[in-house]
Amino acid sequence: MAFASGKVILCGEHAVVYGVPAIAVGIERGVEATASIAPKGSGPQLVIDDRIAHKDDEVSRAFAALLAQLGLLDVVVRARSAIPVGVGLGASAALGVAIARAVAEQCEQVSDAQLLAGTHAWEEVFHGNPSGVDAACALSGGCIRFERGKGFVPLSLPRALPLAIAVAGPASSTKEMVASVARQKDRKPELFSQNLEAIRTLVKNAELALTAGDLKGLGTLLNYNQMLLAGWMLSTEAIEVACQCAREAGALGAKLTGAGGGGCVIALCDEAGPEPILSAWRSLGIECF
C-alpha cells in the first residue's frame, strides 16, 4: 500500500511560480494506492474511489503521462483519496505521488527524481504549469521550503504546528487562477515585482519563525500573506469571512491556501488548540477539520 499526504501552503503560493520560495506542510489526510501488473493484452487501468478512468479523458491522459515517465505501461492501479478536490489541499499531486509509488513497487528500482518526474507529468495535464511544490510536499511529507528549479529542503520544527482547515468555498481551477495572476503581472509588471519581493521577505521570516517555534510571529506573517494574495484578487468573500471568523475565535493567523478563488483557509491555532476555531466555523455551516 502506497501513501502520499495532502498539503497546505503556509506562505508563498503563486509567487512560487515566479521563483520565490514557498513553505508547505503535509497534512494527515492523503491518498492510498495499490498496483498490480495488468493481465496480458488488457492495457493499463486506473480506478479512483471505485470510479474507472475512461480512455482519453483527462485522468487517463495524466495516468498515461505518469506511466511513460516510470517506464511501466501495463499496470492496474486502485486509489482512494481522503482529500477534497480542487480546494488547495494538493489532492491531485497526492494522487499522482501515491499512484507513482504504487507503480514503483512493480519496478526494479525507481528514484525519488523519477517519482517527481512522473507526478509532474501527471500534474501538467491538470494544471498546465505546476510549480512542483504540491508534488514535492506529497512526496516528502513534513514541512518543506520549496523553490522552483531547485527542489525542496526539509525544515525541522521544534514544536507541533497545529492547523485548522476550512473548506471556505467551492473548487477553483488552479490553471485559471495562475493565468489570472500572470495577466496582472503583464498589466503592472513593476507593482507585481514589488509584491513578489514582499512575499520573498515574508517567506524568509516565516522560515525563521517556524524553526524558532515562534507561532505568534508566524501567525502575523500568515495574515500579511493573505493581504497580498487578496491584492492579487485571489480571495473571495467566503474566504475573508472564514479568515475573520478564525481570528475572532483565537487563531494566531489565517489565510487562503493554494490557488485561491475559492477553496480552503488555514488557521494557525494558539494554545487553546483547534476546537474553538472549528466550532466557530461550524456555527457558520463551514466544513472544516
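Buried means under 20% relative accessible area, exposed means over 50%, and partly exposed lies in between. The model used in these exercises is predicted.

**Exercise 1. Place glutamine 45.**
Task: decide whether glutamine 45 is buried, exposed or partly exposed, and list what it touches.

Solution.
- Step 1. Find the element. Glutamine 45 sits in strand β3, residues 45-48.
- Step 2. Read the area. Glutamine 45 has a relative accessible area of 29%.
- Step 3. Apply the cut-offs. Glutamine 45 is partly exposed because its value is 29%, and the partly exposed class lies between 20% and 50%.
- Step 4. List the contacts. Leaving out residues up to four places away in sequence, glutamine 45 touches Ile52, Phe63, Val75, Val76 and Val77.

**Exercise 2. Describe the cores.**
Task: state how many residues the largest nonpolar core has, and which helix gives the largest share.

Solution.
- Step 1. Count. The largest nonpolar core has 89 residues.
- Step 2. Pick out the residues with the most contacts inside it. Among them are Val77, Trp122 and Trp232.
- Step 3. Find the main contributor. Helix α2 (residues 91-104) supplies the largest share of this core, ten residues.
- Step 4. Look for another core. A second, separate core has ten residues, including Val16, Val17, Ala22 and Cys137.
- Step 5. Return to tryptophan 232. Beyond its neighbours within four places in sequence, its contacts include Glu13, His14, Phe192 and Ile199.

**Exercise 3. Build the sheet.**
Task: give the strand order of the open sheet of four strands, then say which helices pack on it.

Solution.
- Step 1. Write the order. It is β9-β10-β8-β11, with antiparallel pairing.
- Step 2. Mark the edges. β9 (253-256) and β11 (287-288) each pair on one side only.
- Step 3. Join one pair. Four bridges link β9 to β10 (residues 264-268), and the two run antiparallel. Leucine 256 has valine 265 in β10 as its bridge partner.
- Step 4. Add helix α8 (residues 237-248). It packs on the sheet and touches β9 and β10, with its direction at about 165° to that of β9.
- Step 5. Add helix α9 (residues 275-283). It touches β8 (163-167), β10 and β11, and its direction makes about 10° with that of β8.

**Exercise 4. Check for disulfides.**
Task: explain why cysteine 269 has no bond to cysteine 288.

Solution.
- Step 1. Recall the bond. A disulfide is a covalent bond between the sulfur atoms of two cysteines.
- Step 2. Set the cut-off. The two sulfur atoms must be within 2.5 Å.
- Step 3. Compare. The closest cysteine sulfur to that of cysteine 269 is in cysteine 288, 11 Å away, so it is too far for a bond.
- Step 4. Check cysteine 143. Its nearest cysteine sulfur, in cysteine 137, is 7.6 Å away, and cysteine 143 is in no disulfide.
- Step 5. Total. The count is zero disulfides.

How values were computed
Residues numbered from 1 in each chain as written. Predicted model: local features only at pLDDT ≥ 70, side-chain atom pairs only at ≥ 80, totals over all residues. Heavy atoms only, no water. Buried < 20%, exposed > 50% of the residue type's maximum accessible area, 1.4 Å probe, protein only. Contact = heavy atoms within 4.5 Å. Core = buried A, V, L, I, M, F, W, Y, C linked by side-chain atoms within 4.5 Å. Pairing = 2+ DSSP bridges. Axes fitted to C-alpha atoms, helices over the stretch in contact; angles between N-to-C directions.
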